[in-house]
Amino acid sequence: MLPVAAAVIALAYPKVFSLPYPQHVGVLICMNALMAVAWNITGGYTGQVALGNTVFFGIGAYTSSLLLRDFGVNPWIGMLAGTILSMIAAVVLGYTTFRLRGYYFTIACIAMAEIVSAIVVNTRRLGGAVGVTIPIRDASLLNFQFHGTNKAPYYYTILTFLAVALFVVYRVERSKLGYYFRAIREDEDGARALGVNPARYKLIAFMLSALFTSVAGTFYAQYVMFIDPASVLAQPVSVSMCLMAVLGGLGTLWGPVLGAMALIGISEATRVTLGGTGQAVDLMIYGLLVIVFAVFQPTGLMGMLGKLKARKE
Amino acid sequence: MTFEILAQAVINGLLMGFVFALVAVGLSLILGVAQIINFAHGEFLMLGMYTAFWMWALFGLDPLVSLPISIGVLALLGVCVYKLITKRILDAPRLTQIFATFGLSIFLRSLAQFLWTPNSRMIQNSWVGDLRVALGGVYIGAPQLVAAAGAILAFGVIHWLVEKTEVGRAMMATAEDRDAAALMGINTEQMYTLAWAVGSACVGLAGGLLTTFYSVEPNIGLVFGTTASVVIALGGFGSIKGAFAAGIIVGLIQVVGGFLIGPAFKFAVVLTVYLVVVAVRPQGLLGKY
Amino acid sequence: MALLEVTNLTKRFGGLVANDDVTMSVNEGEIVGLIGPNGAGKTTLFNSIAGVYNPEQGKILFRGEDITRYNPEQACQAGIARTFQIVRVFKGMTVLDNVMVGSYLRSQSDADARERALEVLKFTGLYPKKDYLASALTIADKKRLEMARALATRPTLLMLDEAMAGLNPTECQAAVDCIRAISREGITILMVEHVMEVIMPISDRIVVLNSGKKIAEGEPKAVSADPEVIKAYLGGKYVARS
């Protein structure tokens, strides 16, 4: 019942709010939700606090953009190429770090992301610190570009990606993969004793996560039409996707979506009410919220809803 | 000629390494005793630097004079953060601990940006600011020299505190096993508070010393915090001596790596070394397990 | 040929020799007890068989397959399931989900895994608690859940690490009954135990370790009469207890 209602609302949203700004907010929510859902696969279900997922976002954005700019490759093909590259990167990253536990792993992820960023910033071919402007093509779904003030086509595109990601996670949750992911999160040695190969399943989780994050990266590039290391290859990108998952509820299907709605909502509300300095204020509220949730409500918004539901019954 | 440039790089790296070492020792002490990595440690350093900056800008105090103030402010901050936040999540899953201090780092960084703008600020004409010592063809900046000396002194004091005093032994006992220590009559709560105070005081000192030759901006903690995490990982989590040694090594790698490959890559070189080290030795360079 | 054959196994930790040239075997269908005083090397031997440690010397054969260098997941896939001395249940998952993780190892489909898990839960008597979070169980139930989880992997050999430690007499008896029932299903059992009283009556054979070396092997009665065993293990401790 609830998913159906959510779907109806999501589909009707751009029809009800036909102005560019609310549509833009809708796009932001879906895009961030997609990233948070992707992060949740490793961070939430498998329990590996990967704080370098901006790498996959960046690879997605840069691969499709550079292929389009330099070789005229269609962004959809570029997106596919990006996901493949991202999954390869996930294997490399995973392979070097899967033996590491706890903090070692988290720090290794941060390190990996910083290295990739340093390489891009210092390589002129890749646009350097200046970034890459995406060439304009005719507006069409085939070209993955929609001009003008109507953001609805972008909105429906990203909503579709999000829906696919949610469906995949829904299926994974109920399969061997999902059980193994959670077992690894709960107790790696316990899982091994039951025949689970943690390295293998962490890699699978990582690759799935990389795939969806990369798709979001290509989408971002095609939507904003400009990318640079500061916007797609930066630690705040890695952090924001995990914060949404944390606030919403780790290891839950809908948690990351709720988290994205809450954080984008806060961020846009402070920007509108406080204007120029808004950027820091929204982050201050983010930070505070994360502390408060970590200390008092570690199960996130989903946990809160669960409690409310239990109280009603 | 090239030799002199390299020697210069090594000296600079060594001196910077002592500052990294001091920052990392603070982080390591908190991790070792209170069992938590403070991902906001870099932001603590940033606040230490701002304390020194404002003491200079508002009251004309030289950063070396205001050192006790930045040390005190940071120690107090450490105690507050422990009492208000991390004390409540001592037994929570590591995930929760990571997020709590990560949230804190975001909060402090944006608070600084909100209060003091994102601009970078530099203390002009501090006492030691323009002095330097010539050693053959190599120059040693006085601020760096003072900072290194301060770091070594602080490390000596902490080392003495931990190894030679009753309080230090109680602290280490708490680090080994909180419950056993409590049974032995050690006030573990006090030990945790002390670790947070001393660990944070380290970055108060480091911050004050850094402002004599480094500009401060809200995002400065990102690089220093990440570097400190890398340093304590290399040194073996929780080991104070390991952190100090690894800090110096990282300082050297950074400057020499930057010299060989290009200054833009100096941070990346350190991180690459970290990845290579943990790939070979998952327990870090100097860690026992 | 025995199901499990350990030959001349030596495992060192630094300078400490935890297992010194140990040779022992477990036959199909047996319940074998592995005992010894604290620090005798029982858990080390147990962990070497389960793939946690790589021994320096010696060989471990399981159904004729050399498993000496296997890691834990390979050992489990080969048919050796284990429980832990300090329980390692998946605390944030339900009892049923815990067992599902085990049953997926040899299941073709989700439905298959679920069916197998429910079967095991009924067999071990945990079925009424299948929807509890594992963290909400008593110690005795947690230990039983570990057993259920291990059984769900359809092992040939089940290894129990101090399955009775920390249980009260009633719980102990229930555990003993459960172990007997598992044995009747045709599953071979190797159990490490510190408490002599519980292991003697259910074991077909006992292996005694002391200071890393095997000092006796045989039927419980013969072993408990062995003077060297009495000296090393039963001696002061047993007398003091009774």
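**Exercise 1. The fold of chain B**

Among contacts in chain B between residues at least 6 apart in sequence, what percentage join residues at least 24 apart? Describe also the make-up and dimensions of chain B in this predicted model.

*Solution.*
Step 1. The share is 76%, counted among contacts of chain B whose residues are at least 6 apart in sequence.
Step 2. Chain B contains 11 helices and 2 strands. In sequence order they give the pattern α-α-α-α-β-β-α-α-α-α-α-α-α.
Step 3. For 289 residues, a compact globule would have a radius of gyration near 19 Å; the value for chain B is 19 Å, so the two agree.
Step 4. Along the principal axes, the C-alpha atoms of chain B fill a box of roughly 60 × 50 × 35 Å. Of its 289 residues, 55% count as buried.

**Exercise 2. Contacts between chains**

Determine which chains touch, and characterise the side of chain C that touches chain A.

*Solution.*
Step 1. There are 2 pairs of chains in contact, and chains A and B share the most contacts.
Step 2. Chains B and C do not touch: their nearest C-alpha atoms are 11 Å apart.
Step 3. The contact of chain C with chain A draws on 19 residues from chain C and 18 residues from chain A. On the chain C side, the elements giving two or more residues are helix 2 (72-78) and helix 3 (95-103). By class, this side has 8 nonpolar, 4 polar and 7 charged residues.

**Exercise 3. The environment of A:Val91**

Is A:Val91 buried, partly exposed or exposed? Place the residue in its surroundings.

*Solution.*
Step 1. A:Val91 belongs to helix 4 (residues 75-97) of chain A.
Step 2. Burial requires 20 or more other C-beta atoms within 10 Å, and exposure 12 or fewer. A:Val91 has 15 C-beta neighbours inside 10 Å and therefore counts as partly exposed.
Step 3. When neighbours within four places in sequence are set aside, A:Val91 is in contact with A:Leu203 and A:Met207.
Step 4. A:Gln145 lies 54 residues from A:Val91 in sequence, and their C-alpha atoms are 31 Å apart in space.

**Exercise 4. The sheet of chain C**

In what order do the 4 strands of the open sheet in chain C lie? Identify its edges and examine the pairing of strands 4 and 5.

*Solution.*
Step 1. The order is 2-1-4-5, with antiparallel pairing.
Step 2. Strand 2 (16-26) and strand 5 (65-66) of chain C are the edge strands, each pairing on one side only.
Step 3. Strand 4 (residues 57-62) of chain C pairs with strand 5 of chain C over 2 bridges, in the antiparallel sense. C:Leu61 stands opposite C:Asp66, a residue of strand 5 of chain C.

Key:
Residues numbered from 1 in each chain as written. Chains lettered and ligands numbered in written order. Predicted model: local features only at pLDDT ≥ 70, side-chain atom pairs only at ≥ 80, totals over all residues. Contact = placed C-beta atoms within 7 Å. Nonpolar A, V, L, I, M, F, W, Y, C, P; charged D, E, K, R; others polar. Rg over C-alpha atoms; globule rule 2.2 N^0.38 Å. Pairing = 2+ DSSP bridges.
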